[in-house]
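Visitor: Could you walk me through the salt bridges in this one, up close? I'd like to know how open the side chains involved are, and then hear what else turns up around the fold.

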Amino acid sequence: MKNFVKEGRALDFVAPAGGVLSGIALLIGGILVVPATSALEGQSYSGWIVGVYTLPCAPGTAWNTCDTLYWDTANARVTTVAVGNTKIGMAAEPKAAGDTAGNVKLLPQV
């Protein structure tokens with residue numbers, strides 16, 4: 001097909017103020033991005049926008065597979081609380097309340 005560019009699982013971004021660290025998720029334009037590499041402010045980097053990633057989560061929060069998940073920007077972590085947060089995907093597997101990280105299937109919103 002002539003107009004195919006790429007699969008789009010990862011896109012190129014320019015690092016914001018403070019830069020980015022590989023594997024440390026950040027919200028860009030309503031989409032959670034997991035940088036594949038570290039980059040200083042203003043540098044280009046590749047960031048994953050789909051896939052399953054182990055991400056930090058709110059303490060005391062349990063979830064089941066396919067539960068809707070949100071990004072709490074203020075605390076840089078995943079939560080099940082929708083109010084004031086951005087929808088990022090769903091739980092890839094159950095997580096116990098005592099776990100500090102969980103597996104998340106990113107589903108970019110457009």
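Guide: Sure, and let's fix the vocabulary before we go in: a residue is called buried when its relative accessible area is under 20%, exposed when that area is over 50%, and partly exposed in between. Keep in mind that we're looking at a predicted model.

With that in hand, go to R9. Its relative accessible area is 49%, so R9 falls in the partly exposed class. The side chain of R9 meets that of E7 in a salt bridge, with 3.0 Å from N to O. E7 comes in at 62% relative accessibility, so E7 counts as exposed.

How many salt bridges are there altogether? The count comes to 2. The other partnership joins the side chains of D72 and R77, and here N to O is 3.8 Å. The cut-off for a salt bridge is 4 Å, so a pair at that distance still qualifies. Now look at how the two partners sit. D72 has a relative accessible area of 12%, so D72 is buried. R77, at 24%, is partly exposed. So this bridge pairs a buried acid with a partly exposed arginine.

Charge turns up in another setting too: K95 lies over the face of W63, 5.1 Å from the ring centre. As for rings meeting rings, the structure holds 1 aromatic pair.

Next, swing over to the interior. There is 1 cavity of 30 Å³ or more, and the largest cavity has a volume of about 40 Å³. What lines the largest cavity? You'll find G30, I31, L32, I49, K87, I88, L106, L107 and P108 around it. Strands β3 (31-35) and β8 (86-91) each supply at least two residues of that lining. Sorted by class, the lining has 7 nonpolar, 1 polar and 1 charged residues. K87 is the charged one, and G30 counts as polar, because Gly is grouped with the polar residues here.

One last stop, out in a loop. P16 sits between β1 (10-14) and β2 (26-28), and its relative accessibility of 34% makes P16 partly exposed. Follow the chain from P16 to S44 and you cover 28 residues in sequence, while in space the two are 9.8 Å apart, C-alpha to C-alpha.

Technical notes
Residues are numbered from 1 along each chain as its sequence is written. This is a predicted model: local features need pLDDT of at least 70, side-chain atom pairs count only at pLDDT 80 or more; totals for chains, interfaces and linings use all residues. Side-chain values use heavy atoms; hydrogens and water are left out. Rings of Phe, Tyr and Trp (its six-membered ring) pair if their centres lie within 6.5 Å; planes under 30 degrees apart count as stacked, over 60 as edge-to-face and the rest as tilted. A charge sits over a ring if NZ of Lys or CZ of Arg is within 6 Å of the ring centre and within 35 degrees of the ring normal. On a 1 Å grid over the protein atoms alone, a cavity is a set of points where a 1.4 Å probe fits but cannot get out, and a pocket is an open set with protein on both sides within 12 Å along at least five of seven lines; lining residues have an atom within 4 Å of a point. Grid points are joined across faces, edges and corners, and a volume is the space filled by probe spheres set on the points. Helices (H or I, at least four residues) and strands (E, at least two) are DSSP runs, numbered from the N terminus. Buried means under 20% relative accessible area, exposed over 50%, partly exposed in between (1.4 Å probe, protein chains only).
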